[in-house]
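Welcome, and thanks for opening your viewer. Let's walk through this model together, one selection at a time.

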Amino acid sequence: MNTVPDLNKPTALAATGQTKAAAAPRIKLLSHGYAIDHPDPELGEQLMADALGVADRDAMHGILRQLVKASVKDERPDEVNLAFSMRA
């Protein structure tokens, strides 16, 4: 039987404050590009790919490059803008 979820009822996910976006590692801007900020680089890439909804490493890096370019403020990538675009 399929039921319609009660949108007013808190869920375990909402109660813990965890979301898929929260599981994604942060991006650090470097003078020569960016880096996925995670102690395990391979797991960090997998978590980022999952958060972006892609299965391919090249596609993930392509999306990240576009997000870095879109975050530019005063001719430089901006971490605040980048973080916002990653969570939106």
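Begin by selecting Val-68: with a relative accessibility of 13%, Val-68 counts as buried, because buried means under 20%. Keep in mind as you look around that this is a predicted model. Val-68 sits in helix 4. Now show the contacts of Val-68: leaving aside residues up to four places away in sequence, Val-68 touches Leu-29, Tyr-34, Pro-77 and Leu-82. To see how the fold brings one of these partners in, draw a C-alpha to C-alpha distance from Val-68 to Tyr-34; the two are 34 residues apart in sequence and 8.1 Å apart in space.

Next, stay on the helix and pick Arg-65, which is also found in helix 4. Is Arg-65 buried or exposed? Arg-65 falls in between, since a relative accessible area of 46% makes it partly exposed. From Arg-65 to Tyr-34 the C-alpha to C-alpha distance is 8.4 Å, with their positions 31 residues apart in sequence.

**The largest pocket**

Which residues line the largest pocket? Select Leu-29, Leu-30, Ser-31, His-32, Gly-33, Tyr-34, Arg-65, Val-68, Lys-69, Arg-76 and Pro-77, and you have its lining. Strand 1 (26-30), strand 2 (33-37) and helix 4 are the elements that each give two or more residues to this lining. Helix 4 gives the most, with 3 residues. The space in the largest pocket comes to about 170 Å³. Try colouring the lining by class: you should find 5 nonpolar, 3 polar and 3 charged residues.

**The nonpolar core**

In soluble globular proteins, nonpolar side chains tend to be buried together. To look at that here, turn to the largest nonpolar core, which has 13 residues. Select Ile-27, Met-48, Met-60, Leu-64, Leu-82 and Met-86, the residues with the most contacts inside this core. At least two core residues come from each of strand 1, strand 2, helix 3, helix 4 and helix 5 (79-87). Helix 4 supplies the largest share, 4 residues.

Zoom in on Ile-27 and show its surroundings. Not counting residues up to four places away in sequence, Ile-27 touches Tyr-34, Ala-35, Ile-36, Met-48, Leu-64, Leu-82 and Met-86.

**An enclosed space**

Keep Ile-27 highlighted, as Ile-27 also helps to line the largest cavity. How many cavities of 30 Å³ or more are there? The count is 1, and the volume of the largest cavity is about 90 Å³. For its lining, select Pro-25, Arg-26, Ile-27, Glu-79, Leu-82, Ala-83, Met-86 and Arg-87. Strand 1 and helix 5 are the elements giving two or more residues to this lining, and helix 5 gives the most, with 5 residues. By class, the cavity lining has 5 nonpolar and 3 charged residues, with no polar ones.

**Last stop: a salt bridge**

Where should you look for a salt bridge? Select Glu-45 and Arg-57, which form one with their closest N and O atoms 2.8 Å apart. This pair links distant parts of the chain, 12 residues apart: Glu-45 lies in helix 3 (residues 41-52) and Arg-57 in helix 4 (residues 57-70). A search of the whole structure finds 1 salt bridge.

Terms used
Residues numbered from 1 in each chain as written. Predicted model: local features only at pLDDT ≥ 70, side-chain atom pairs only at ≥ 80, totals over all residues. Heavy atoms only, no water. Salt bridge = Lys/Arg side-chain N within 4 Å of Asp/Glu carboxyl O. 1 Å grid on protein atoms, 1.4 Å probe; cavity = no way out; pocket = protein on both sides within 12 Å on 5 of 7 lines; lining within 4 Å. Points joined across faces, edges and corners; volume = space filled by probe spheres on them. Nonpolar A, V, L, I, M, F, W, Y, C, P; charged D, E, K, R; others polar. Core = buried A, V, L, I, M, F, W, Y, C linked by side-chain atoms within 4.5 Å. Buried < 20%, exposed > 50% of the residue type's maximum accessible area, 1.4 Å probe, protein only. Contact = heavy atoms within 4.5 Å.
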